[in-house]
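Open the model in your viewer and colour it by chain. The tour begins at the interface and then moves to a single residue.

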Amino acid sequence: MSNSPGESDEALMARVAAGDQGAFGQLVERHLPRAYAIARRVLQQQADAEDAVQEACTRLWTHAHQWQAGRASFSTWFYRILVNASLDHARRHSSRHAIADAETLLAELLDPHADLASAHQQSSEAAALHHAVQRLPAQQRMAVVLCYIEEHSNPQAAQLMGLHLKALEGLLGRARKQLRGWLARLHEDDL
Amino acid sequence: MKHSDDALRAQLRRSPSLSPRADLAAQIIRHATRLPQQHPWYWHVQRALDELSYGWALKLASIALCGVLGVLAGQAPSSDAENELILTAQTFDNALDPELL
């Protein structure tokens, strides 16, 4: 069984479809940081983000035959599963408006290279921004995360969310307007 | 408006990355690989055909050999030893018949 570290996603996926657990492990290790970052920004709770990522990765294993080389790239196929899993979680827990545990979030956002005072200041700003994004409706939140934080192009993000490009642009426009308002109010409170 | 949009995007882009805990990948791999992979019906048909076609010449030869042996066995005269065995068994059977005892 070959196990080269530079193997493409598509080659690994072909092996996963044949039941190769090693190839599955490599794919998970490779995509987990980005997948988790997306889910964590869309879902309020760390546990929900972990569940959504686990759900997407499990589907990658159990439904590996559904991926067809040539029809879509592996990334598009996998991140679409992740986006759907995250939005499903967000809908299921929409009644639970608990704000994420602030200390957990600050610890996750803390930059290990910054000194303690500036690190705390930076992470507080980042947490404030994170909370502002969390207040957006789930679809707007996902659009912001994909386009502005993960830097997907608008057509790519629309494909991942299964939306028409115009619909995605509408979501982004409404999200920007709300975020500008909230962040401006936050700065006014700080002054 | 454009300027404030750019500033907002830059602020979002600068936000630090959120990393998964160290053992999450191992946990996910363990959880997922415990589950069986699901396959569509045509995969099962294809697999059955593949298994059937594997070593087809040997399987065909085995069936033909069984057929030939069966025909030969049917035509072969029964041996004396076998006849004696059948007679002995019938004698015992009669001797043990409860109506005759």
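Buried area is the accessible area, taken with a 1.4 Å probe, that two parts lose on being put together, summed over both. In this predicted model, chain B and chain A bury about 3200 Å² between them, and carbon and sulfur atoms account for 65% of that area.

Select Leu12(B), Leu18(B) and Gln37(B). In chain B these residues lose the most area to chain A, together 23% of what that side buries.

Next, show every residue at the interface. The selection should hold 29 residues of chain B in contact with 40 residues of chain A.

Now look for charge pairing. The count between the two chains is one salt bridge. Select Glu50(A) and Arg21(B) to see their side chains meet in a salt bridge, at 2.9 Å from N to O. Polar contacts across the interface come to 11 residue pairs, with both residues at pLDDT 80 or more.

Turn to the helices of chain B. Helix H1 (2–14) and helix H2 (24–33) each supply at least two residues of the side that touches chain A. The largest share, eight residues, comes from H2(B). By residue class, this side of chain B divides into 14 nonpolar, 11 polar and four charged.

Last, centre on Arg41(A), in helix H2 (residues 21–42) of chain A. Arg41(A) is buried yet has no salt bridge. Which side chain of opposite charge is nearest? It is Glu150(A), 5.0 Å away, whereas a salt bridge is counted within 4 Å. Beyond its neighbours within four places in sequence, Arg41(A) has contacts in both chains, among them His130(A), Arg141(A) and Ile149(A), and also Ser15(B), Pro16(B), Ser17(B) and Leu18(B).

How values were computed:
Residues are numbered from 1 along each chain as its sequence is written. Chains are lettered from A and ligands numbered from 1 in the order in which they are written. This is a predicted model: local features need pLDDT of at least 70, side-chain atom pairs count only at pLDDT 80 or more; totals for chains, interfaces and linings use all residues. Side-chain values use heavy atoms; hydrogens and water are left out. Contact means heavy atoms within 4.5 Å. A polar contact is a pair of N or O atoms within 3.5 Å; within protein, one must be able to donate a hydrogen and the other to accept it, and residues adjacent in sequence count only if both atoms are side-chain atoms. Helices (H or I, at least four residues) and strands (E, at least two) are DSSP runs, numbered from the N terminus. Ala, Val, Leu, Ile, Met, Phe, Trp, Tyr, Cys and Pro count as nonpolar, Asp, Glu, Lys and Arg as charged, and the others, Gly among them, as polar. Buried means under 20% relative accessible area, exposed over 50%, partly exposed in between (1.4 Å probe, protein chains only). Lys and Arg count as positive and Asp and Glu as negative; His and the chain ends are not counted.
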